[in-house]
Amino acid sequence: MIIVLKPDHDEEDLHRIIRRLEDLGLRAHISKGEHRTIVGAIGDERVLREVPIESLPGVESVLPILKPYKLVSREFKRENTVINVNGRQIGGEHIHVFAGPCAVESREVLEEIAESLLPSGVCFLRGGAFKPRTSPYSFQGWGEKALKFLAGVRDRTGLQVVTELMDPRDTVLVCKYADVVQIGTRNMQNFRLLTEVGNIDKPVILKRGLCSTIKEFLMSAEYILAQGNERVILCERGIRTFETETRNTLDISAVPLLKQLTHLPVIVDPSHAVGRVDLVPAMTKAAIAAGADGLLIEVHVRPEEALSDGPQSLRPSAFTKLMEECRLVAKAVGRSI
Ligand code: PEP
Ligand code: MN
């Protein structure tokens, strides 16, 4: 339920409403917009059925939130959420690019890749230390050693570190090194993990589950916000369909649809969506045209030697060229990249 306050309400009105909700066992979520303050009543709203909240001083109207997700919904917060990551704003006019290898392989290769990204103005270096591989015999990532390499590159280049967290037991470790924590597609409905990252003080990239609906995706984001972490970036990364020519099918319509339904930033990962390097540039440009706030792109200096996802990784020269092309597309839709 959303409680819209009158423009001339005072602080005592607000505190009275919060106390009333808390007495009923609900949590009050305050959102102070440019023109309006609204209070979200979070919890089992059935307790409110008999309570005339609209007659409390300072209340203008009380509206039900019809969607099953609340905190993430546009109904709840009309303005776009802009997430500050150490001075970089995600969800604003500038489209940020999160680029790098699928997995961190060695310090040298990571450094080479990072250096190649800098001329394009990239601010975020992605790379897996813990890899969710389909086969238990595939390379699983170097764990903390990889996290240290990432942090070393950040110290030298200023690139912010984005890396995946797979297991709640690694939360403290990953947060020690990461600037942005990624939750992978296979864990989108790992509710224990979502609750865990709901309690960290780091932005989270939440990737859409392989077979998840938009509603399920938003419900998973709701888990994180419900714990208090409001810095969630949604990532469309392709869904599984009957088509086998591409690794997944990029649901490009998810971008404008998510932008309608939620105030959270939406980014696109064309690399995992198509799984083929020849299709990545077109899908990247399509993502910008569709309104993406950011892009997550796999780049490797020698894709043929990559320990994972080589076939979808762009070489630096192709990445640089793509970024040039993206500038034109971004400009056409009133953005910069
Ligand atoms: C990744 O980004 O490296 C990754 C494993 O992605 P996803 O979870 O989307 O498969
Ligand atoms: Mn990958």
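Contact here means heavy atoms within 4.5 Å. With that in hand, the packing of this predicted model can be followed from its core outwards to two pairs of helices.

The largest nonpolar core comprises 77 residues, and those with the most contacts inside it are Val97, Leu206, Leu234, Leu295, Ile297, Phe319 and Ile337. Both domain 1 (2-63) and domain 2 (83-332) contribute residues to this core, so the core lies between them. Ile337 offers a good view of the surroundings: once neighbours within four places in sequence are set aside, Ile337 touches His94, Ile95, Val97, Ile288, Leu295, Met323, Cys326, Arg327 and Ala330. There is also a second, separate core of 16 residues, with Leu21, Ala28, Ala41 and Val51 among them.

Turning to the helices, α9 (residues 280-290) and α10 (residues 316-332) have axes that come within 9 Å and cross at roughly 25°. Because angles under 35 degrees count as roughly parallel, α9 is roughly parallel to α10. The crossing of this pair is right-handed. On the α9 side the contact is formed by Pro281, Thr284, Lys285, Ile288 and Ala289, and on the α10 side by Leu322, Glu325, Cys326, Val329 and Ala330. Of these residues, Ile288, Cys326 and Ala330 are also in contact with Ile337.

Helices α6 (residues 214-226) and α7 (residues 254-261) form another packed pair, with their axes 11 Å apart and an angle of about 50°. That angle makes α6 oblique to α7, and the two helices cross in a right-handed sense. Here Ile214, Phe217 and Leu218 of α6 meet Ala254, Leu257, Leu258 and Leu261 of α7.

Key: Residues are numbered from 1 along each chain as its sequence is written. Chains are lettered from A and ligands numbered from 1 in the order in which they are written. This is a predicted model: local features need pLDDT of at least 70, side-chain atom pairs count only at pLDDT 80 or more; totals for chains, interfaces and linings use all residues. Side-chain values use heavy atoms; hydrogens and water are left out. A nonpolar core is a set of buried Ala, Val, Leu, Ile, Met, Phe, Trp, Tyr and Cys residues joined through side-chain atoms within 4.5 Å. Buried means under 20% relative accessible area, exposed over 50%, partly exposed in between (1.4 Å probe, protein chains only). Domain bounds come from an automatic or database domain assignment. Axes are lines fitted to C-alpha atoms, for helices over the stretch in contact, and angles run from 0 to 180 degrees between N-to-C directions. Helices (H or I, at least four residues) and strands (E, at least two) are DSSP runs, numbered from the N terminus. Angles under 35 degrees count as roughly parallel, over 145 as roughly antiparallel, 65 to 115 as roughly perpendicular and the rest as oblique. A crossing is left-handed if the near helix is turned anticlockwise from the far one by less than a right angle, and right-handed if clockwise.
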